[in-house]
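Reader: I would like to question the labels used for this structure, one at a time. Show it first, then defend them.

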There are 6 protein chains.
Amino acid sequence: MGEIMLRLSSPGNSRLVQSESMEVNYGGGEANVAVSLQNYGNEVYFVSRVPAHEVGQAAVNSLRRYGVHTDYVVRGGDRLGIYFLETGSSLRSSKVIYDRSHSSFSEVAPKDFDFDAIFRDADWFHWSGITPALSDNTAECLRLACIAARKAGVTISCDLNYRSKLWSPEKAQNVMRSLMQYVDVCIGNEEDADKCLGFRPEANVADGKTDADDYKHIFQRMVKTFGFKYVVSTLRESHSASDNGWKAMIYDGQTFSVSRHYKITPIVDRVGSGDSFSAGIIHGLVNGKPQEWSLEFAVAASALKHTIPGDVNLVSVAEVESLMTGNGNGRVER
Amino acid sequence: MGEIMLRLSSPGNSRLVQSESMEVNYGGGEANVAVSLQNYGNEVYFVSRVPAHEVGQAAVNSLRRYGVHTDYVVRGGDRLGIYFLETGSSLRSSKVIYDRSHSSFSEVAPKDFDFDAIFRDADWFHWSGITPALSDNTAECLRLACIAARKAGVTISCDLNYRSKLWSPEKAQNVMRSLMQYVDVCIGNEEDADKCLGFRPEANVADGKTDADDYKHIFQRMVKTFGFKYVVSTLRESHSASDNGWKAMIYDGQTFSVSRHYKITPIVDRVGSGDSFSAGIIHGLVNGKPQEWSLEFAVAASALKHTIPGDVNLVSVAEVESLMTGNGNGRVER
Amino acid sequence: MGEIMLRLSSPGNSRLVQSESMEVNYGGGEANVAVSLQNYGNEVYFVSRVPAHEVGQAAVNSLRRYGVHTDYVVRGGDRLGIYFLETGSSLRSSKVIYDRSHSSFSEVAPKDFDFDAIFRDADWFHWSGITPALSDNTAECLRLACIAARKAGVTISCDLNYRSKLWSPEKAQNVMRSLMQYVDVCIGNEEDADKCLGFRPEANVADGKTDADDYKHIFQRMVKTFGFKYVVSTLRESHSASDNGWKAMIYDGQTFSVSRHYKITPIVDRVGSGDSFSAGIIHGLVNGKPQEWSLEFAVAASALKHTIPGDVNLVSVAEVESLMTGNGNGRVER
Amino acid sequence: MGEIMLRLSSPGNSRLVQSESMEVNYGGGEANVAVSLQNYGNEVYFVSRVPAHEVGQAAVNSLRRYGVHTDYVVRGGDRLGIYFLETGSSLRSSKVIYDRSHSSFSEVAPKDFDFDAIFRDADWFHWSGITPALSDNTAECLRLACIAARKAGVTISCDLNYRSKLWSPEKAQNVMRSLMQYVDVCIGNEEDADKCLGFRPEANVADGKTDADDYKHIFQRMVKTFGFKYVVSTLRESHSASDNGWKAMIYDGQTFSVSRHYKITPIVDRVGSGDSFSAGIIHGLVNGKPQEWSLEFAVAASALKHTIPGDVNLVSVAEVESLMTGNGNGRVER
Amino acid sequence: MGEIMLRLSSPGNSRLVQSESMEVNYGGGEANVAVSLQNYGNEVYFVSRVPAHEVGQAAVNSLRRYGVHTDYVVRGGDRLGIYFLETGSSLRSSKVIYDRSHSSFSEVAPKDFDFDAIFRDADWFHWSGITPALSDNTAECLRLACIAARKAGVTISCDLNYRSKLWSPEKAQNVMRSLMQYVDVCIGNEEDADKCLGFRPEANVADGKTDADDYKHIFQRMVKTFGFKYVVSTLRESHSASDNGWKAMIYDGQTFSVSRHYKITPIVDRVGSGDSFSAGIIHGLVNGKPQEWSLEFAVAASALKHTIPGDVNLVSVAEVESLMTGNGNGRVER
Amino acid sequence: MGEIMLRLSSPGNSRLVQSESMEVNYGGGEANVAVSLQNYGNEVYFVSRVPAHEVGQAAVNSLRRYGVHTDYVVRGGDRLGIYFLETGSSLRSSKVIYDRSHSSFSEVAPKDFDFDAIFRDADWFHWSGITPALSDNTAECLRLACIAARKAGVTISCDLNYRSKLWSPEKAQNVMRSLMQYVDVCIGNEEDADKCLGFRPEANVADGKTDADDYKHIFQRMVKTFGFKYVVSTLRESHSASDNGWKAMIYDGQTFSVSRHYKITPIVDRVGSGDSFSAGIIHGLVNGKPQEWSLEFAVAASALKHTIPGDVNLVSVAEVESLMTGNGNGRVER
């Protein structure tokens with residue numbers, strides 16, 4: 001459940017002020033997770049609201065194209081959220097301008113969804129911190145969805161996904177901490193844990209220096225506080241807009257695992273990489289894999305995402321497994 | 001004074017639901033008039049409000065590129081209005097989806113502008129019926145602008161430009177009729193006169209059958225009611241999305257003139273053709289030309305607009321005059 | 001049931017020998033019908049076979065994108081059929097080069113499908129003369145499909161769709177005449193009826209001169225011979241590659257109806273217009289509409305198809321009904 | 001023998017002042033003739049001079065791509081001539097801006113070519129009035145080429161091709177009349193005959209009204225004055241930039257033939273249509289066809305050129321013959 | 001002699017399942033060698049077979065464009081082989097999907113070529129292991145070509161070029177070992193030598209660790225077994241799809257030379273780099289250069305190929321020599 | 001004051017000989033400086049001459065688009081200078097082909113400008129060594145401009161910018177040394193100082209090894225000789241076309257400062273990076289910043305330029321300051 005937006009990006013590395021055309025993609029945190037999971041062979045239903053015009057329909061089509069079921073995408077409201085993206089390079093960061101206020105999904109109401117029906121045969125429910133941040137409406141809908149999911153015995157995962165443009169740390173913690181009671185699998189990075197939940201790892205991430213022990217300590221406290229079954233975190237080392245290091249950690253209350261580390265350069269499009277990581281974790285856990293396998297799958301999958309234009313991660317299980325098992329040398333596959 | 005929007009159009013004749021990229025243009029009724037007039041060698045200042053981010057800046061740049069002065073475009077608000085366009089062909093109409101609510105300009109306030117300064121050395125002030133339709137804020141700003149313009153002895157023209165998505169005929173008449181006291185040159189077509197002012201010509205425009213006498217009668221009543229110096233109207237015969245007839249009429253309270261008739265096929269892009277007509281009328285009158293010359297210039301200019309992609313009419317005075325004097329046979333100019 | 005192909009077209013009106021890029025679409029007679037019907041709100045399942053690689057997957061995705069169910073698209077074989085298209089203009093015809101031999105679908109086998117399951121809850125089964133023409137394998141599969149459909153009480157429609165590159169009139173008649181026993185609704189034009197069934201209308205279509213009476217006579221004989229519930233035919237007047245006339249006729253054994261006539265110019269893409277017509281007829285009849293309504297819906301829908309790039313007809317019921325009721329003057333819809 | 005230029009055209013119908021990219025083609029009167037003739041199966045050698053850098057090489061490659069032999073294209077000079085093109089539509093003319101001064105070819109010298117070697121095994125030599133208009137250098141080279149060609153018994157054709165930007169009628173007549181002694185086949189339209197040779201048909205071409213008798217009279221005088229074996233002229237009726245009528249006439253000193261008339265709409269790209277006509281005439285005559293066949297072939301070929309983007313006419317003999325024999329109804333060729 | 005294919009690649013780094021257009025190139029192992037050699041100033045004739053339609057013609061044109069002679073490219077068969085390419089980045093490999101079965105060239109017959117005529121004035125004959133792998137027809141034609149070339153005293157080079165999708169190591173060795181009797185210059189990498197000839201270097205190439213001594217030993221055995229005049233091998237270190245090391249070795253039976261090593265990052269397009277290496281070797285040897293020069297030329301040329309989009313290596317001798325002599329610092333050449 | 005040219009670049013990393021379209025930008029040393037300075041909030045007037053046609057107008061529009069005042073761009077002459085660019089990668093250099101002879105600006109005359117009026121309210125005058133290199137006309141105009149600027153008390157900066165295609169070191173020194181009397185701020189790199197002024201630093205720049213002490217020594221001598229207030233130099237380490245090091249030095253006659261060093265990889269477009277550096281220095285100094293701040297601003301600004309396609313540096317003061325203060329890790333800005 002979440003918002004799907006129209007993404008408009010200037011071509012190549014051009015800036016928004018110079019572009020005479022824009023590339024069209026559709027995405028959003030939860031939508032990106034949905035497509036990844038469907039690509040891996042899971043049956044996924046996206047829950048959202050889009051306007052009843054062609055642009056809203058195109059967003060629905062973008063999900064259908066990759067097999068995501070859209071039965072629970074209701075129509076209404078005036079506009080689809082939009083974000084503008086220009087893709088940086090080396091010393092220049094990518095830049096996102098959001099134009100998502102007053103979107104169809106942000107004006108959703110509880111009556112738009114029959115959550116009991118939605119969760120009847122479901123195994124897993126995923127949401128991100130963006131959804132309750134959008135509006136009081138979405139926060140309330142999400143709360144009801146969590147209650148219904150819990151009632152239906154569905155596992156719930158949350159990607160904390162803090163967005164400073166949407167809410168303050170105070171408001172975020174106020175809302176998010178109360179929602180954590182419904183969450184089984186908590187996913188985030190060091191900033192998310194700090195801003196959404198008030199747990200601040202001591203890592204100096206800007207310099208790419210991270211201390212696993214420190215993370216383990218934080219994870220233990222998070223499990224203790226909120227009763228999570230799993231805490232998961234990614235660790236990005238940003239050397240430049242074109243060159244990142246990438247790894248992740250998971251903790252199930254007993255074992256703390258650190259994944260393999262990937263060097264990713266050049267980066268084609270890093271938007272949606274966190275979402276592709278969440279999808280990898282869910283894919284492993286919902287299919288009964290051990291946490292170590294799930295973690296490695298998720299890290300490899302999201303490493304590959306950095307090489308694919310657009311929000312969504314168009315890779316197959318076979319491709320991810322090939323990278324997991326060490327085949328990242330880039331020989332041509334004929 | 002008016003709104004400038006981001007125009008996103010699907011390439012060629014493709015539909016919005018199938019397009020993977022969008023062509024970027026910036027336009028809007030009054031902005032289109034501004035560019036045309038600057039192209040004809042007049043010094044034009046655009047009055048508006050755009051958000052202080054790159055997309056807003058790109059809108060400003062689109063005006064500067066064609067020489068329009070942007071000193072009175074203030075920055076503020078959250079978003080630039082957007083409209084999506086798919087270009088029809090033969091039996092299929094072009095389609096516009098507006099996403100302009102909550103735009104930076106619609107949330108403008110009187111304090112954003114110093115109208116006395118703006119009109120100090122001005123000769124002409126042009127606005128369209130879209131501006132007061134956007135919000136009560138814009139309607140109030142416009143009223144103040146008209147008062148200041150009148151005080152400064154500036155000629156005021158209005159393109160009635162009725163938009164049913166923005167307001168009802170009742171609201172339109174309520175607002176527009178009271179603003180007509182400030183208007184010297186009233187421009188519109190048969191639908192605009194009906195919906196904005198309550199004057200309905202008897203013409204059966206859908207069939208391309210129009211009776212000049214009937215228009216003359218209406219024009220006389222409009223002049224009598226509102227004290228216009230000039231009433232001007234275009235007459236479009238829509239045979240198909242690719243094939244239109246085009247002419248216009250003007251009345252100065254004494255003489256009623258009907259222009260030459262143009263057959264335009266195939267049409268490349270008819271968005272902004274009404275605006276290019278207004279600009280033609282203003283160009284003639286502000287430069288002291290007779291109403292007949294102004295009318296013929298305006299009709300020829302706007303006929304050419306149908307052949308140019310984008311909102312704005314990128315033609316020179318020489319090109320318009322060449323068509324006015326009969327050179328429309330399309331020989332290659334080498 | 002049918003083949004879906006990769007369509008590679010040179011951009012704009014360029015020729016294949018000069019193009020440095022190709023536009024990618026996916027289509028095929030029956031696939032085009034499927035997308036149209038899904039667009040009109042019917043639940044459609046496509047039955048086919050594609051190779052288990054990314055190009056095959058992209059073909060499946062093109063159907064999913066517009067909501068067509070692909071549960072019965074099996075994977076196997078080596079290649080997806082391809083066709084190259086260059087789009088003509090005025091005096092120059094469009095040109096299609098087929099490269100569909102040895103395609104995955106042409107090497108299909110009866111064991112690939114469980115037709116009883118496929119037709120269990122179905123209302124309608126549509127196929128075209130291309131399917132049995134592809135190979136003996138496809139012809140045999142189609143025969144079995146027809147038997148299963150009939151057993152399940154499903155209405156069967158056939159678009160005769162003669163293709164001289166695929167088989168001779170002799171072979172076509174041999175195969176098609178024996179399949180006609182399963183057909184309830186027979187769709188075709190004068191050439192199809194001649195080459196596939198041996199019924200030749202006297203119409204001089206090349207000159208756009210057609211005699212409805214003559215068609216009626218032929219239709220009566222076809223109904224008598226094959227027991228069709230409906231015989232339907234389109235009538236294209238080809239004035240040039242950019243300018244066609246378009247109408248159609250239907251006969252239910254009692255009443256013979258001729259549709260409104262549309263002049264379509266300029267034509268954007270006429271590939272798939274016949275398929276969009278078939279979809280229109282099926283949409284009307286499967287939803288219990290009278291044959292006259294179904295015919296007018298089908299003709300208007302397929303007239304609109306000529307204005308849309310790509311094989312498939314991306315129009316809504318509302319848009320078709322708007323044209324049916326006379327709104328073809330191409331005014332901008334705002 | 002002639003100049004080949006880089007053609008830079010704004011995409012679609014956009015204007016030069018608004019285009020952010022340009023389409024690249026290479027062409028020029030004689031180069032266009034060369035490609036057409038090679039396409040028809042004749043062995044063609046192009047004689048010219050281009051600069052020894054990548055842009056010059058790309059011009060050579062554009063000829064080689066279509067099989068034209070470039071053994072006699074020498075390297076030297078500083079720049080390739082350029083022309084900018086924007087493609088008009090309906091009431092707006094296409095516009096050409098030349099930037100060809102100081103081009104490599106215009107600074108050619110007699111020592112660059114060994115004309116005796118060039119014409120040793122040649123059957124035909126074609127040039128146009130553009131070549132002597134470029135510079136005194138090219139005029140002198142051309143004179144020497146004509147002398148060598150005549151000495152070698154080669155038939156010589158000339159397309160008068162008057163260009164007012166390159167020279168005045170006085171200078172043109174001064175140069176061209178003295179070159180006519182070497183010409184066997186004289187090709188031009190009414191304006192060319194007037195400006196280059198001083199023979200003015202009485203036709204009112206602007207209105208599309210032409211009197212064959214008048215042309216015949218002029219042709220007779222031209223044959224008498226210059227000793228041409230054939231005089232050939234095209235007749236274009238320019239209704240608009242998108243809609244032309246097209247036919248031609250030939251006279252061999254005895255019989256005066258008028259071709260079939262073609263209506264061409266919409267026009268894709270009319271640049272190079274005159275050259276494709278010349279190539280058609282040459283193809284017929286050099287292969288021993290009667291003048292009537294040659295004329296019909298040339299008119300049909302050049303009618304097709306109007307439908308193809310770029311300077312050169314990418315059609316086959318079979319396609320031209322198909323149109324000559326009446327197949328211009330634009331049915332899809334599958 | 002070899003196959004030329006249509007290459008369809010998704011733009012930039014997009015995946016095939018997401019691309020709405022494809023870039024068109026034409027290439028194939030031997031065709032790529034042909035273009036490179038012609039670019040270096042050698043006169044090259046390509047021997048192949050393509051279908052007699054526009055797509056086949058476009059393949060021929062792609063060779064002619066760069067000056068390759070196509071007199072020995074015969075027409076026939078149904079289809080041009082196709083391959084789809086998506087270009088990887090960093091951790092994601094490029095991927096090739098072949099659709100080349102039943103191609104025109106794979107169905108070639110000995111009667112299609114007069115090898116005695118073809119080799120009459122030739123100096124060199126190059127082929128690759130792909131040609132005999134395509135079909136028994138091509139293997140037999142190749143055998144006859146080798147015999148004719150030998151008879152004509154032509155030097156023969158072979159790029160082993162093992163393709164696992166085309167044949168098994170057993171079949172490859174069976175065919176290739178018997179053809180080696182005709183080969184003077186044997187080119188390949190460690191995998192080719194192993195799969196085609198059964199000689200396996202001990203190098204651990206995946207890790208970029210290679211032992212020149214080991215290669216020398218293998219080369220000595222290959223020379224002894226097959227009587228090659230030269231054995232040549234490239235050594236690619238695949239760090240990622242964007243970052244490769246590149247060097248090569250040559251052995252003439254006496255001296256074993258190892259080239260300079262190049263680090264190539266980022267890689268634009270590595271398809272065809274092996275072919276550009278073969279062309280470099282041939283260019284050196286056929287022009288009488290020492291093997292060390294030939295090797296350095298070949299390695300530098302193929303290093304440059306990695307920076308050029310498309311299959312073929314569009315560099316000049318001067319550009320290669322500049323890199324050979326150390327000028328690889330990438331300063332702008334003005 | 002300087003020339004603005006049409007830049008035609010092949011898309012992506014394609015070569016000029018293979019490109020079928022060109023991207024259009026407008027730029028030139030001084031024009032690039034003008035746009036940068038206007039982007040930083042300074043009011044900039046460009047002084048130049050362009051032809052009175054659409055391509056000249058488009059050059060003017062490219063300046064107006066970014067707010068540069070074009071009141072002093074006069075119209076006249078025949079052509080706009082052009083340069084062709086292909087963008088290299090890794091081992092392949094970018095390549096520029098100039099076609100700027102006989103340009104409108106190179107044929108400028110003193111009477112075209114009223115320098116007293118131009119400099120009346122100006123603070124700063126910038127020119128580069130390209131301007132006097134173009135022609136004797138431009139050199140003379142520049143000399144007069146310098147005299148007028150000096151008279152008006154305007155600070156004068158010069159980017160030495162040696163171009164070997166335009167003049168020899170002898171001619172350059174002859175002209176440039178005499179112009180140095182008017183220069184307050186001298187900008188250049190080691191090659192410029194050598195070729196234009198005869199001062200050769202001992203640095204071995206090709207290897208990226210530079211000795212600050214040596215530069216300081218040279219700078220001292222330059223200040224002594226010409227009386228500069230500031231001497232500024234950039235230092236580029238060219239590792240490859242995609243990977244450069246970048247830093248700079250400034251000397252005000254007393255303090256010698258060396259900037260921070262940036263590693264820039266991958267490089268998107270390095271054309272115009274020197275100009276963006278000059279603009280950064282001017283921005284700092286004209287706004288009264290210390291030389292250290294100005295230097296760091298200039299280096300950071302020009303480092304960012306390497307990531308932006310086109311000649312001009314589309315960055316804001318805020319973006320440059322963010323990089324100056326260490327934020328170059330490329331995190332997405334949301």
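Author: Start with one loop. D:P266 lies in the loop between strand 13 (262-264) and helix 9 (273-286) of chain D. Bear in mind that the model is predicted.

Reader: What makes the bond that joins D:T265 and D:P266 stand out?

Author: The peptide bond between D:T265 and D:P266 is cis, with omega about -5°. In chain B, a cis peptide bond joins B:T265 and B:P266, again with omega about -5°. B:P266 sits in the loop between strand 13 (262-264) and helix 9 (273-286) of chain B.

Reader: What is notable about the phi of A:S90?

Author: The phi of A:S90 is positive, about 40°, although A:S90 is not a glycine. A:S90 belongs to the loop between strand 5 (82-86) and strand 6 (95-99) of chain A.

Reader: Why is the pair B:R79 and B:D99 called a salt bridge?

Author: The cut-off is 4 Å between a side-chain nitrogen of Lys or Arg and a carboxyl oxygen of Asp or Glu. The closest N and O atoms of B:R79 and B:D99 are 3.2 Å apart, so the pair qualifies. The two residues come from distant parts of the chain, 20 residues apart. B:R79 is in the loop between strand 4 (69-75) and strand 5 (82-86) of chain B, and B:D99 is in strand 6 (residues 95-99) of chain B. Over all chains the structure holds 132 salt bridges.

Reader: Now the interfaces. How many residues are in contact between chain F and chain A?

Author: Chain F brings 24 residues and chain A brings 25. The buried area is about 2400 Å², and carbon and sulfur atoms give 49% of it. F:R331, F:V332 and F:R334 supply 32% of the area that chain F buries against chain A, more than any other three residues.

Reader: How do you know that F:E319 and A:R15 form a salt bridge?

Author: By the distance. Their closest N and O atoms are 2.6 Å apart, within the 4 Å limit, so the rule counts the pair. The rule finds three salt bridges across the interface of chain F and chain A. Polar contacts there number 13 residue pairs, both residues at pLDDT 80 or more.

Reader: Which elements of chain F supply the side that touches chain A?

Author: Strand 13 (262-264), helix 10 (291-305) and helix 11 (317-324) of chain F each supply at least two residues. Strand 13 of chain F has the largest share, three residues. By class, that side of chain F holds 13 nonpolar, five polar and six charged residues.

Reader: How many residues meet between chain A and chain E in contact?

Author: 24 residues of chain A are in contact with 27 residues of chain E. The area buried between chain A and chain E is about 2400 Å², with 49% from carbon and sulfur atoms.

Reader: What makes E:R15 and A:E319 a salt bridge?

Author: The closest N and O atoms of E:R15 and A:E319 are 2.6 Å apart. The limit is 4 Å, so the pair of E:R15 and A:E319 passes. Across the interface of chain A and chain E there are three salt bridges. There are also 13 residue pairs in polar contact, both at pLDDT 80 or more. On the side of chain A that touches chain E, strand 13 (262-264), helix 10 (291-305) and helix 11 (317-324) of chain A each give at least two residues. Strand 13 of chain A gives the most, three residues.

Reader: On to the sheets. What is the order of the open sheet of chains A and B?

Author: Eight strands run in the order 6(A)-5(A)-1(A)-2(A)-2(B)-1(B)-5(B)-6(B), with mixed pairing.

Reader: Why are strand 6 of chain A and strand 6 of chain B said to stand at the edges?

Author: Each has a single partner strand, so one side of each is left without a neighbour in the sheet. The twist averages 30° from one strand to the next.

Reader: How do you know that strand 1 and strand 2 of chain A pair?

Author: Pairing needs at least two bridges. Strand 1 (residues 5-9) and strand 2 (residues 21-27) of chain A have five, so they pair; they run antiparallel. In strand 2 of chain A, A:E23 is the bridge partner of A:S9.

Reader: Which strands does helix 2 of chain A lie across?

Author: Helix 2 (residues 54-65) of chain A lies across strand 1 and strand 2 of chain A together with strand 5 and strand 6 of chain B. Its angle to strand 2 of chain A is about 60°.

Methods: Residues are numbered from 1 along each chain as its sequence is written. Chains are lettered from A and ligands numbered from 1 in the order in which they are written. This is a predicted model: local features need pLDDT of at least 70, side-chain atom pairs count only at pLDDT 80 or more; totals for chains, interfaces and linings use all residues. Side-chain values use heavy atoms; hydrogens and water are left out. Contact means heavy atoms within 4.5 Å. Buried area is the accessible area (1.4 Å probe) that two parts lose on being put together, summed over both. A polar contact is a pair of N or O atoms within 3.5 Å; within protein, one must be able to donate a hydrogen and the other to accept it, and residues adjacent in sequence count only if both atoms are side-chain atoms. Helices (H or I, at least four residues) and strands (E, at least two) are DSSP runs, numbered from the N terminus. Ala, Val, Leu, Ile, Met, Phe, Trp, Tyr, Cys and Pro count as nonpolar, Asp, Glu, Lys and Arg as charged, and the others, Gly among them, as polar. Axes are lines fitted to C-alpha atoms, for helices over the stretch in contact, and angles run from 0 to 180 degrees between N-to-C directions.
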